[in-house]
Amino acid sequence: MVEVVKKGGDTLLDIRNLRIEATVYPPGESPKNIVLVHDVSLTLEKGKVLGLIGESGAGKSTIGLSSMGYGRGGVRITGGEVILNGRDILKGGKEGFRKLRGREVCYVAQSAAAAFNPAHRLMDQVVEATLLHGTATRAEAEKRAVALFKKLSLPNPETIGERFPHQVSGGQLQRVMTAMALCSEPDLIVFDEPTTALDVTTQIDVLAAIKDAIRDTHVAALYITHDLAVVAQVSDEIMVLRHGRLVEWGGTRQIIKEPRQEYTKALVSMHDIEHAEQKPGATPLLSVRNVTAAYGGGCIKVLKNVSVDIYPGQTLAVVGESGSGKSTLARAITGLLPPEQGTVTFDGRPLANRLADRPKEDLRQLQMIYQMADVAMNPRQTVGTIIGRPLELYFGIKGRERDKRVAELLDAIEMGKGFSDRYPAELSGGQKQRVCIARSLAAKPKLIICDEVTSALDPLVANGILKLLLNLQQHEKVAYLFITHDFATVRSIADSIGVMYRGEVVRYGAKSKVLMPPFDAYTGLLLSSVPEMRPGWLDEIRSSVTAGFAKMAEMSDEGISLASGH
Amino acid sequence: MNLVLRLVAQRVALGLLLLLAVSVLIFAGTQILPGDVAQAILGQSATPESLANLREQLGVNDPAFVRYFHWLGGAVTGDLGTAMSSGQDIATSIKGRLWNTLFLAFWAAIVAVPLAIILGLIAVRYRNGWVDKLISGLALASTSFPEFFIGYLLVYFFAVKWQIFPAISTVYDGMPFGERMQAIALPAAALTLAVLAHMMRMTRAAILNVMQSAYVETAELKGLSAFAVIRKHAFPNAIAPIINVVMLNLAYLIVGVVVVEVIFVYPGMGQYLVDHVTKRDVPVVQAVGLIFAAVYVGLNIIADIAAIVANPRLRHPK
């Protein structure tokens with residue numbers, strides 16, 4: 001009965017015509033004001049979850065933090081009202097903000113590893129807000145914290161509070177941070193990309209824990225993310241934002257199933273790239289055979305007996321979680337980390353182990369593109385210089401001829417020659433990555449290693465980059481070694497796939513075969529952990545994923561016993 | 001904990017090795033200096049025979065490495081030799097002076113270190129505001145003036161004009177504590193002003209660096225007051241660089257007081273060193289040099305150890 005009465009619309013948070021501005025200081029120019037959030041209104045009922053979704057710069061975190069009266073850097077709320085529990089918090093001043101922060105509204109940050117103070121024990125930090133606001137005694141607060149640790153299925157809930165942040169894994173820290181937010185029994189929690197920094201198999205676990213905790217404690221939440229599939233699992237309603245403006249606001253099911261705005265439609269139907277798998281050719285372009293590599297003079301083995309082939313003009317996607325050794329494989333192939341054992345054969349001849357021993361021609365044939373495009377370019381060189389450099393270095397092309405080639409390359413990356421006088425700082429993230437692609441293409445390589453090249457980009461921009469890469473592959477007949485942690489990307493572009501886990505390739509073959517059941521334990525777990533857009537997916541797959549974890553734990557136990565047998 | 005013990009042992013061993021290397025340098029350095037001690041003692045009118053006799057007596061004719069080990073062995077067992085100029089036992093005459101220097105340095109540090117850290121915290125709290133600028137400006141000004149200038153300013157105002165403190169810091173054995181404190185007030189103040197800015201600015205920079213961290217934002221979003229955020233969340237993580245600069249300045253208070261001691265005619269190590277450098281009394285210069293080096297190395301070892309112990313990752317390994 002009580003539930004029915006409550007449904008009448010017990011408003012917790014009512015944001016009206018919010019306007020947020022910031023002062024930016026562009027180098028060499030006078031400071032200027034920019035508007036981050038334009039006239040956004042939203043309401044949130046008690047116990048409900050509203051998902052805020054959008055790409056970077058959409059203003060989602062800024063809106064979330066405004067409910068605590070907080071602005072990062074020089075961010076200021078310059079208009080509108082933020083009504084929490086019936087009163088406008090913007091009128092409360094600094095004292096008012098301090099009283100509501102950590103008591104009425106709590107915050108869960110993207111990277112718990114950075115958001116916990118390394119100098120204090122977890123328990124002291126978890127109960128800090130509760131004690132500060134005097135809503136419970138220390139004993140009560142600690143009891144509450146332990147109960148929350150249990151609810152969030154943390155290991156050793158009684159003693160985990162004694163630990164320091166560095167003694168706990170990233171996924172566990174994220175759950176401890178959720179417990180920290182729940183501990184002072186707030187009315188509202190702002191989750192700011194709480195699972196974005198986690199591996200996909202860890203993410204699902206944390207996501208499920210957060211969902212249960214929200215349901216059991218009846219706390220309301222603003223759930224901020226750029227991942228529509230994630231937000232579809234936890235929220236009652238979704239609000240789509242872009243460039244600080246509201247695009248669309250509706251029930252989760254409606255946004256996912258019947259999006260009304262073009263932008264939302266694009267977000268929902270993002271993974272629309274079709275790439276027909278090509279049959280492997282007669283001879284591979286690059287052949288990695290039984291490569292073993294280690295850091296620290298052989299102490300830490302990071303690649304164990306890895307063998308893969310890449311065929312001319314095709315794409316091998318290497319997929320795995322952080323620490324699986326996929327980037328190390330790239331370093332071994334390029335000679336940055338000379339393998340201890342095994343061989344790398346390129347175009348029928350063996351490659352020298354060490355980068356320094358390789359002739360210029362080998363270096364030209366094998367190019368690389370990185371995750372962070374902005375640090376992979378010299379900020380003081382123009383786009384034209386950056387792209388022209390390989391032309392001079394490898395082909396001795398100079399002057400007008402060089403400019404002509406640069407213009408052609410800019411054309412190939414769909415940017416136009418007007419960009420050749422620009423500096424990297426003047427480009428968007430996607431454009432920067434395109435310039436890096438053009439630079440690697442300038443060398444006319446046979447193989448490009450792409451290391452997480454779309455991971456730092458917004459989903460729609462990343463999609464554009466993938467389309468471009470596929471397009472270029474068709475025209476230039478270049479092969480890719482595509483390193484990623486994202487299965488959706490793999491599906492879009494790969495011809496063959498290698499799945500890596502703890503330095504080993506656990507599954508390898510043509511795309512159609514690798515993605516076809518039956519799966520080995522790890523690939524199965526990885527595949528079922530990739531969030532799907534439909535609401536209710538999380539609840540469906542939870543039991544199978546939990547079983548998968550148990551199986552993996554068993555496997556790694558066996559691995560340890562095998563290793564100690566040597 | 002084992003890891004911490006190992007690291008600490010490593011630092012101590014390295015410190016001892018460094019000290020040994022310094023002792024070689026000190027010994028070699030004083031050997032290279034021109035001049036003949038025997039000649040200095042006996043004067044220009046000495047006969048060649050008496051010079052040779054005295055050299056034999058002083059052991060100057062032995063090979064250098066024999067003399068080095070002889071000297072080092074003595075120093076380790078507390079025998080620093082006898083002063084050539086006065087014939088007094090160096091260890092005995094240094095004892096009182098070392099104690100005087102430590103007494104002065106101690107009271108200067110007691111004032112300067114907490115003051116510098118608190119000023120640093122306040123500067124961070126009101127960063128970029130007028131309070132911050134005032135603190136930084138005054139601290140920089142006090143450091144920029146040479147010590148002797150500040151010393152004479154203090155003497156002019158406090159001793160000559162207002163006659164609150166004595167201009168000459170005479171201390172003697174058995175002096176009552178109160179009088180002793182009054183005697184060292186001006187040199188201690190001069191030293192405090194000399195070291196304050198360095199520590200204060202380092203504290204400010206180290207904490208500001210930490211203030212960028214995500215955990216500081218977490219603390220702010222818990223509703224902590226600005227000062228509580230700095231004290232509880234920023235300061236503990238900035239402690240290692242702060243300790244380092246504090247130790248450097250403590251070492252300076254002991255080793256670098258020469259000018260201040262001379263200005264206030266304070267019977268400390270600095271004055272003792274200056275006296276005997278002019279007399280070309282090599283054993284004294286060596287002894288004082290060795291003690292200064294030991295103080296420097298020792299304080300830096302303490303800074304290293306404190307930084308190790310302050311790091312929760314080392315204190316509580318996974």
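Trainee: What makes A:Arg402 and A:Asp403 a salt bridge in this model?

Mentor: Their side chains come to 3.8 Å, N to O. The cut-off is 4 Å between a side-chain nitrogen of Lys or Arg and a carboxyl oxygen of Asp or Glu, so the pair qualifies. Keep in mind that this is a predicted model.

Trainee: And why do such side chains pair up in general?

Mentor: Opposite charges can pair when the charged atoms come close.

Trainee: Is A:Arg402 buried or exposed, and how do you know?

Mentor: A:Arg402 has 17% relative accessibility. Buried means under 20%, so A:Arg402 counts as buried.

Trainee: What about its partner, A:Asp403: buried, partly exposed or exposed?

Mentor: A:Asp403 has a relative accessible area of 45%. That falls between the 20% and 50% limits, so A:Asp403 is called partly exposed.

Trainee: How do you know that A:Glu408 and A:Arg405 form a salt bridge?

Mentor: The N to O distance there is 2.9 Å, and the rule asks for within 4 Å, so A:Glu408 and A:Arg405 pass.

Trainee: Where do those two sit relative to each other in helix H16 of chain A?

Mentor: A:Glu408 and A:Arg405 are three residues apart in helix H16 (residues 399-412), which means about one helical turn separates them. A:Arg405, at 16% relative accessibility, counts as buried, while A:Glu408, at 36%, is partly exposed.

Trainee: Which residue does A:Arg534 pair with in a salt bridge?

Mentor: A:Arg534 pairs with A:Glu532, with the closest N and O atoms 2.9 Å apart. A:Arg534 has a relative accessible area of 31% and A:Glu532 has 36%. Both values lie between 20% and 50%, so A:Arg534 and A:Glu532 are each partly exposed.

Trainee: Which residues are linked in a network of salt bridges?

Mentor: A:Lys151, A:Asp212, A:Arg215 and A:Asp216 are linked that way. Over all chains, the count comes to 35 salt bridges.

Trainee: Let's look between the chains. How many salt bridges join chain A and chain B?

Mentor: Three. A:Glu128 and B:Lys232 meet in a salt bridge at 3.0 Å, N to O. That is within the 4 Å limit, so the pair counts.

Trainee: How many residue pairs are in polar contact across that interface?

Mentor: The rule finds 16 residue pairs, both residues at pLDDT 80 or more. On the chain A side, strand E6 (105-108), helix H4 (112-115), helix H6 (128-132) and helix H8 (170-183) each supply at least two of the residues that touch chain B. Helix H6 of chain A gives the most, with three residues.

Trainee: How many residues are in contact on each side, and how much area gets buried?

Mentor: 27 residues of chain A are in contact with 20 residues of chain B. The two chains bury about 2200 Å² between them, 57% of it on carbon and sulfur atoms. In chain A, the residues that lose the most area to chain B are A:Tyr70, A:Glu128 and A:His166, together 28% of what that side buries.

Trainee: What is chain B built from, helices or strands?

Mentor: Chain B has 15 helices and zero strands. Its C-alpha trace spans about 85 × 60 × 35 Å along the principal axes, and 43% of its 318 residues are buried.

Trainee: Which residues of chain B make its nonpolar surface patch?

Mentor: B:Phe145, B:Phe148, B:Tyr156, B:Trp162 and B:Val259 are among them, and the patch covers about 1000 Å². Helix H7 (residues 147-161) of chain B gives the most to the patch, with seven residues.

Trainee: What makes B:Tyr156 fit for that patch?

Mentor: B:Tyr156 lies in helix H7 of chain B. A patch residue needs over 30% relative accessible area, and B:Tyr156 has 41%, so B:Tyr156 clears that limit. At 41%, B:Tyr156 counts as partly exposed.

Trainee: Why is B:Asn53 called exposed, then?

Mentor: B:Asn53 has 54% relative accessibility, and exposed means over 50%, so the label fits. B:Asn53 is in helix H3 (residues 48-58) of chain B. From B:Ala38, B:Asn53 is 15 residues away in sequence and 9.1 Å away in space, C-alpha to C-alpha.

Note on methods. Residues are numbered from 1 along each chain as its sequence is written. Chains are lettered from A and ligands numbered from 1 in the order in which they are written. This is a predicted model: local features need pLDDT of at least 70, side-chain atom pairs count only at pLDDT 80 or more; totals for chains, interfaces and linings use all residues. Side-chain values use heavy atoms; hydrogens and water are left out. Patches are made of residues with over 30% relative accessible area and no salt bridge: like charges are joined within 9 Å, nonpolar side chains (Val, Leu, Ile, Met, Phe, Trp, Tyr) within 5 Å. Accessible areas come from the Shrake-Rupley method with a 1.4 Å probe; for residues, only the protein chains shown count as cover. Helices (H or I, at least four residues) and strands (E, at least two) are DSSP runs, numbered from the N terminus. Buried means under 20% relative accessible area, exposed over 50%, partly exposed in between (1.4 Å probe, protein chains only). Contact means heavy atoms within 4.5 Å. Buried area is the accessible area (1.4 Å probe) that two parts lose on being put together, summed over both. A polar contact is a pair of N or O atoms within 3.5 Å; within protein, one must be able to donate a hydrogen and the other to accept it, and residues adjacent in sequence count only if both atoms are side-chain atoms.
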